[in-house]
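Open the model in your viewer and keep the selection tool at hand. The stops below run in order.

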Amino acid sequence: MTRRVLLALALAPFPPLPAAAQPGIRAGDLVITQAWSRAAGQGGQGAGYLTIANRGTAPDRLLSASSPAAGRMELHSMVRDGDVMRMRQVPAIDIAPGATVELRPGGLHLMFVGLGQPLRQGETVPVTLRFERAGEVSLGFAIQAAGARGPAHHGH
Ligand SMILES: [Cu+2]
């Protein structure tokens, strides 16, 4: 990414999208819903969560993700190590036919590594997902409070 693009991103915060109004995103046999993230500081790491349903008859896999907001993104799981849970990078996330895979706090998640800008609550961070069968899917992750445990709480 060029310095010019980075500068433009730094100057133009992502337009906020009302998370409640976001319908599920359809990509081939996949339906993606509840894409959200947490507020995080520039230079740090952020987490991304979403729900992926496979309405088809063939297995698919989430292979990678990327975002202009981060140097790179990784796919992570949480594994128990003695008394603590640790994040571990995984090569892919399988979505079996008929299955719904939920990426959520304490479980599978996306990791924004090296944030080039802060993730601000109320804004939306763009992410491109790459699936083995469904191909590339670009969508916005609605940014919630830093300690949020789930997607937006509406009507509060
Ligand atoms: Cu992680």
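**Stop 1: an arginine and its partners**

Select R61 and D94: their side chains meet in a salt bridge, 3.1 Å from N to O. A salt bridge here is a side-chain nitrogen of Lys or Arg within 4 Å of a carboxyl oxygen of Asp or Glu. The pair links distant parts of the chain, with R61 in strand β4 (residues 60-66) and D94 in strand β7 (residues 93-95), 33 residues apart. Strands (E, at least two residues) are DSSP runs, numbered from the N terminus.

Before going on, note what is loaded. This is a predicted model, in which local features need pLDDT of at least 70 and side-chain atom pairs count only at pLDDT 80 or more, while totals for chains, interfaces and linings use all residues. Residues are numbered from 1 along each chain as its sequence is written, and side-chain values use heavy atoms, with hydrogens and water left out.

Now add E132. Its salt bridge with R61 has the closest N and O atoms 3.4 Å apart. E132 sits in the loop between β10 (124-131) and β11 (135-144), and R61 in strand β4, so this pair ties together parts that are 71 residues apart in sequence. Keep all three selected: R61, D94 and E132 are linked in a network of salt bridges.

Switch on the surface. Buried means under 20% relative accessible area, exposed over 50%, and partly exposed in between (1.4 Å probe, protein chains only). D94 is exposed at 54%. R61 is partly exposed at 30%, and E132 is partly exposed at 46%.

**Stop 2: another salt bridge**

Select E136 and R130. Their side chains form a salt bridge, 3.0 Å from N to O. E136 is exposed at 56%, whereas R130 is partly exposed at 28%. The count of salt bridges comes to six.

**Stop 3: the copper ion**

Which protein atoms are the donors of the copper ion? Select H76 (ND1), M87 (SD), H109 (NE2) and M111 (SD), which lie 2.0 to 2.2 Å from the ion. Donors are N, O and S atoms within 2.8 Å of the metal (3.2 Å for Na, K and Ca); water is not among the atoms, so sites may look incomplete.

Check the angles next. The four donor atoms subtend 98 to 118 degrees, which makes the arrangement tetrahedral. Four donors earn that term if all angles lie between 85 and 135 degrees.

Finish with H76 and M87. H76 is buried at 6%, whereas M87 is partly exposed at 40%.

Definitions and conventions:
Helix = DSSP H or I, 4+ residues; strand = E, 2+ residues; numbered from the N terminus. Tetrahedral: all angles 85-135°; square planar, octahedral: opposite > 155°, others 65-115°.
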